[in-house]
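Reader: I have a model open on my screen and would enjoy a guided close look at one chain. Could you walk me through it and then show me what lies around it?

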Amino acid sequence: MLDTLMLSRIQFAANISFHILFPAITIALAWILFYFKLRHDQTDNPIWMRAYRFWVKVFALNFALGVVSGITMSFQFGTNWPGYMETVGNIAGPLLGYEVLTAFFLEATFLGIMLFGINKVPSKVHTFSAFVVAVGTMLSTFWILALNSWMHTPAGFEMRDGVAHVTSWMEVIFNPSFPYRFAHMLIASGLTGAFFVAGLSAYRILKGDHKKAPRLTLKTGLVIAAVLAPIQAYVGDLHGLNTLKHQPQKIAAMEGVWETERGAPLLLFAIPDEEERTNHFEIGIPKLASLILTHDADGEIVGLNEFEGDHPPVKPVFFGFRLMVAMGLLMIAVAWTGCYFLRRRGELPQWLLKVVVGMTFSGWVATLAGWYVTEIGRQPWLVTGVLTTADAVTPLAAGNVGFSLAMYLTIYVILLWAYIHTLRVMARKAVEVEEFETTTPQKEGTITNLPGATQEGQA
Amino acid sequence: MNPETMTFNEWLPVIFIGIMGLAVLIYAVLDGYDLGVGILLPMQTQDELQRDTMIASIGPFWDANETWLVLAIGILLIAFPAALSQIMFSLYIPVAIMLIGLILRGVAFDFRAKAAVDHKLTWDRVFKSGSLLTTLSQGYMLGQYVMGFESGWQAQMFSLLSALGVTAAYSYIGAAWLVMKTERDLQKRAVQWTRKAGRATLLGVLAVSLINPLVNPGVFDRWFTYPLVMFVLLIPTLTFAGFVVNDRLLKRLPKENDRHCRVPFFLTVGIFLLCFSGLAFSFFPEIVPGELNIWQAASAPESLKFIFVGAAIVVPLILAYTAFSYYVFWGKATELKYH
């Protein structure tokens, strides 16, 4: 039987995993939409408007799911982790507060104008709304990652009577791991959004869509992915080095290093065994882990045995890391192959379109795998060196938490199914009819320079 | 605490309970009307167009409306973490149910517009039941709060009554919103809904107002102490007058040229404000009735100052662009179309 701690952890993981799926898309998609709208304002090319009109609907769906799952998140701290707020509330509270104040209202209000106001405000105000929504999503990322990073590498505080008090807000916000984590997450979102856009566009083309808009958005997605994927590998490496400095036990678990060693191999595969404190079935490249992490083939990597009793569970961190890296490499390969074909032939062959469709949610897999590595890698601490997860949990009976967890899981499964089903319906609808209601703005006269009805069929 | 000798650090919890009160009140009004619209959704096949209009009337706003709840809970988290822990411990299950309700209605709103046509009715049902689940659990929580989180059968009965009362109140403001935002047949229907919901709300308010001072001796003393009693009795008097005036006016709506169509909504907002003041007057400065006051539950002053600076700058901005959004979508909702 699972206890309150384990159930609360599973519930938190379930809620935040479900939640992050949607912001991971919307953070990037907001900027992509702003780009579409801006290009339309600049060029008067209606294809940009059609692209915008389809994707803004997809955005709205993602945003709604993000909002409602985010409300659940805001209650989680109070319901299941009272020790968290009581110990570090002086830090977590204001950071969360700034997220609500500077980001949530901004996004939600201007999204209303962005979605429903196209005929009610001048085009410039509408474009500005798209910009504000994009800024809002980034502000939100900024604050929540500042808090999350602080939990990994706390700084700028002192403990008085068991409660954290701030000594410097600058040090709290710009704590040692924050810049790396923030950059890593933004690019992760960029990749998630890019493959999402490319995948859904490829799906439309495969379903027989002859219009230009999906081809344009496919190209946009692939180009963004091709640029961001290698940058992400570099930023990820920097993030890893930062982790090695501040949380060496996490790196040891990621690399599956038990005994401190020089010239550690990069393990491509292994099955870590925590009982016997060793790996089985190791396949590795000699000295590469040391070379990557210390930039010296004989560099020393501190092993898990130095942290016995104070290191994270090894298996999920070890495999999660490999899954994330594998996804990243696959992304580079697909994005670059796609760009190669676009350059040489101007379009993708059928088989590659299918691969791109298969990669639609690859960003989700990589993002979740990465988050599991870093968050499980922080265990047994909730705030490194300050508060353990076990000390923060609610004294509620396990039955209550089990009940709420069962409810959430049921709802999430249904919603995820409905979400993917609805995306398919929307994509298929867009194959048959042009992004609907494109004619309305002409009558209103607010969106200028759309083509006449005769050009309708060409785009 | 004596206001004249209080330091700024001692004022901070008062300021934050003020901001939180504001957030809760704005939430109750704003999400109140869109939850109310959800509850009132007519489910017959021939009502589909009316459902579209009703949902269109709240389309641009619901996201931001729900954010006030996040702000309210955020301030509780920031400023009064000890109170949050106690309240959430007592209300764990109703909170989880409310969250499920909020999730369901939020997603139904978007799915209904985008899903295959044959699923639309299903999502409308989800929207309606999600709204109902949310308002019932919020009302139940309010009842539990007033009863000091007791679990006896009297407290449960009172909480169930409160659940119905809050649901009626949200329907009241939702219906009044529709009187303001719609035309023709739907508006006529909304006028009827408003009258019925108004009467139900009046019953709920009366019941809660009578039971609250009877079960909480502290509340009784507070309300019925001479000479304050002369002044504070204005609150129930005005509330009652608000209900009566609104009911009389609704009887004559809709008028020619749609005169006075906005009055019921703003009268209802006034009633919400009065009821809220009454509740606040009953408990301030206690934040967990009988257990904790705002000074005992407050966070460290340096943290409150840090967020206070931000709030002082940002909250007026939020109010400004919220007003801008209402200005953009001013007028009847029939013109609103999804994209």
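Reader: Let us take chain B: among its contacts between residues at least 6 apart in sequence, what percentage join residues at least 24 apart?

Author: Happy to help, and please keep in mind that this is a predicted model. In chain B, 76% of the contacts between residues at least 6 apart in sequence join residues at least 24 apart. The elements behind that chain are 14 helices and two strands.

Its overall dimensions come next. The C-alpha trace of chain B spans about 60 × 40 × 40 Å along its principal axes. Because a compact globule of 339 residues would have a radius of gyration near 20 Å, the 21 Å of chain B agrees with that expectation. Of those 339 residues, 50% are buried.

For a close-up inside chain B, try V179(B). Leaving aside residues up to four places away in sequence, V179(B) touches Q187(B), A190(B), V191(B) and T194(B), and also L253(B), C261(B), P264(B) and F265(B). V179(B) also belongs to the largest nonpolar core, which has 242 residues. Among the residues with the most contacts inside this core, V179(B) is listed with A72(B) and L76(B) from chain B, and with L33(A), W55(A) and A225(A) from chain A. The largest share of the core, 21 residues, comes from helix 3 of chain A. As a general background, nonpolar side chains tend to be buried together in soluble globular proteins.

That brings us to where the two chains meet. The contact takes 54 residues from chain B and 58 residues from chain A. On the side of chain A, the elements giving two or more residues are helix 2 (46-80), helix 3 (82-116), strand 2 (163-166) and helix 14 (398-432). Helix 3 of chain A gives the most to this side, with 22 residues. By class, the side of chain A that touches chain B has 35 nonpolar, 18 polar and five charged residues.

While you are looking at chain A, one helix pair there is also worth a visit. Helix 10 (residues 314-345) and helix 11 (residues 350-358) of chain A have axes that come within 11 Å and cross at roughly 145°. The crossing of helix 10 and helix 11 of chain A is left-handed. Here V334(A), T337(A), G338(A) and F341(A) of helix 10 meet L352(A), V355(A) and V356(A) of helix 11. By class, this contact has five nonpolar, two polar and no charged residues.

Terms used: Residues are numbered from 1 along each chain as its sequence is written. Chains are lettered from A and ligands numbered from 1 in the order in which they are written. This is a predicted model: local features need pLDDT of at least 70, side-chain atom pairs count only at pLDDT 80 or more; totals for chains, interfaces and linings use all residues. Helices (H or I, at least four residues) and strands (E, at least two) are DSSP runs, numbered from the N terminus. The radius of gyration is taken over C-alpha atoms; the globule rule is 2.2 Å times the number of residues to the power 0.38. A residue is buried if 20 or more other C-beta atoms lie within 10 Å of its own, exposed if 12 or fewer, and partly exposed in between; C-beta atoms are placed from the backbone. Two residues are in contact if their C-beta atoms, placed from the backbone, lie within 7 Å. Ala, Val, Leu, Ile, Met, Phe, Trp, Tyr, Cys and Pro count as nonpolar, Asp, Glu, Lys and Arg as charged, and the others, Gly among them, as polar. A nonpolar core is a set of buried Ala, Val, Leu, Ile, Met, Phe, Trp, Tyr and Cys residues joined through C-beta atoms within 7 Å. Axes are lines fitted to C-alpha atoms, for helices over the stretch in contact, and angles run from 0 to 180 degrees between N-to-C directions. A crossing is left-handed if the near helix is turned anticlockwise from the far one by less than a right angle, and right-handed if clockwise.
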